[in-house]
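New to this one? Here is a short tour of a few spots worth finding in the viewer, starting with helices and moving on to rings.

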Amino acid sequence: MTTSDKAVKPPLVLIANEQEWSARSLETILGPSGFAVLRAYTGKQAIDLARSAHPDIVLVDARMPDMDGLDVCQLLREDPRFSPATPIIVTSSGPAARAQRLAALRAGAWDYFTQPLDGEVLLLKLWTYSRAKQSADSMRDESLLDNTTGLYNIRGLARRAREIGADAFRRRDPLACVAFAPSVGEDLTPDPEELALRMAMHLGDVCRASGRVSDAIGRIGLTEYAIIAPGTDGDAAVRMIERLRTSIAKAPFSNQGATSVMDIRAGYCAVDDFSTVPIDAVEMLFRATTALRHLRDDTNARHIRAFEERESRREEIGLGAGS
């Protein structure tokens, strides 16, 4: 381990193994070599800890008491809460046939270790894998794209807002910002975070397929999305929202074997000539998000609201714009 390795937070390794002696053997190799260790004794516990603790590496035994280790591997690879950059290594207390190794690789494992372990080889591989994971995490954090949907993240959307706004200013063009949030007829899972992530993956596919090339589409929160639409005034923004609703309705959302039609509620802010307004495109994005959040709080409201409607309503009830 190098000096730079010691300077950073130790990589966290999740060891999933019901055999106490085997898990302790791994821990005695990893601990003194600079790794932090977390233990799981069942497949379910391993999956839950992998989701919540976000380990840098997962070591899972091929035979867990409640499920096959390869099933654990596959379930984690299919889980949107588990980073695809996280290495999973399958371990086995006995020799493994070629077919077993291939099955592990197909399930998403990076490697397959059998007993007796060569401690030096194990450590060298784990350090290589952990550096690859850290590099992928660093690139993701600096990226302009949302990891789950493939759409822009908030950083990327803000950059595109400034670029699109500058072009609209020069051309004296209309500009609209739309913020929207999905809903389904019924909750298909008792886990709201899991539902939100699966909806995000679905919406990413729909938005990429149906959005205009000129639009910048991004995810701005767990369940909130936004579109920056050049050349779009208020009436065109409403039509765009309706087209998006139709596209989403035509692509039924499926989760855990159940299917439901997804709908959206949307807030927007639009101007006829961007060069004449005293705000930038990022502020328009914020106003569209504000309209959406007030719309979501009003269960009796229709599914679309302009930011200007929200301000008009505040004036009607005697509230100032800054209240």
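At roughly what angle do the axes of helix α8 and helix α9 cross? Keep in mind that this is a predicted model. Helix α8 covers residues 192-210 and helix α9 covers residues 234-249. Their axes come within 10 Å and cross at roughly 125 degrees. Angles from 65 to 115 degrees would count as roughly perpendicular and those over 145 as roughly antiparallel, so α8 and α9 are oblique to each other. As for handedness, the crossing of α8 and α9 is right-handed.

Which residues do the touching? From α8 come L203, V206, C207 and S210, and they meet L244, S247 and I248 of α9. Sorted by character, the residues of this contact are five nonpolar and two polar, with no charged ones.

Now for the rings. How many aromatic pairs does a search of the whole structure find? It turns up three, and two of them are described here.

One pair is W110 with Y129: the ring planes stand at 90 degrees, so this pair is edge-to-face, with ring centres 5.4 Å apart. The two residues sit 19 residues apart, and the pair links distant parts of the chain. W110 is in the loop between α5 (98-106) and β5 (111-114), while Y129 belongs to helix α6 (residues 119-142).

Another pair is F180 with Y225, where the centres are 5.5 Å apart and the planes are at 20 degrees, so the pair counts as stacked. F180 lies in strand β6 (residues 175-184) and Y225 in strand β8 (residues 225-230), so parts that are 45 residues apart in sequence get tied together.

Are these four ring residues buried or exposed? Under 20% relative accessible area counts as buried and over 50% as exposed, with partly exposed in between. Here is how they come out:

| Residue | Relative accessibility | Class |
|---|---|---|
| W110 | 32% | partly exposed |
| Y129 | 14% | buried |
| F180 | 0% | buried |
| Y225 | 0% | buried |

One last stop is A166, which you will find in helix α7 (residues 154-171). With a relative accessibility of 34%, A166 counts as partly exposed. How far from A166 is F274, going by their C-alpha atoms? They are separated by 9.1 Å, although A166 and F274 are 108 residues apart along the chain.

Note on methods. Residues are numbered from 1 along each chain as its sequence is written. This is a predicted model: local features need pLDDT of at least 70, side-chain atom pairs count only at pLDDT 80 or more; totals for chains, interfaces and linings use all residues. Side-chain values use heavy atoms; hydrogens and water are left out. Axes are lines fitted to C-alpha atoms, for helices over the stretch in contact, and angles run from 0 to 180 degrees between N-to-C directions. Helices (H or I, at least four residues) and strands (E, at least two) are DSSP runs, numbered from the N terminus. Angles under 35 degrees count as roughly parallel, over 145 as roughly antiparallel, 65 to 115 as roughly perpendicular and the rest as oblique. A crossing is left-handed if the near helix is turned anticlockwise from the far one by less than a right angle, and right-handed if clockwise. Contact means heavy atoms within 4.5 Å. Ala, Val, Leu, Ile, Met, Phe, Trp, Tyr, Cys and Pro count as nonpolar, Asp, Glu, Lys and Arg as charged, and the others, Gly among them, as polar. Rings of Phe, Tyr and Trp (its six-membered ring) pair if their centres lie within 6.5 Å; planes under 30 degrees apart count as stacked, over 60 as edge-to-face and the rest as tilted. Buried means under 20% relative accessible area, exposed over 50%, partly exposed in between (1.4 Å probe, protein chains only).
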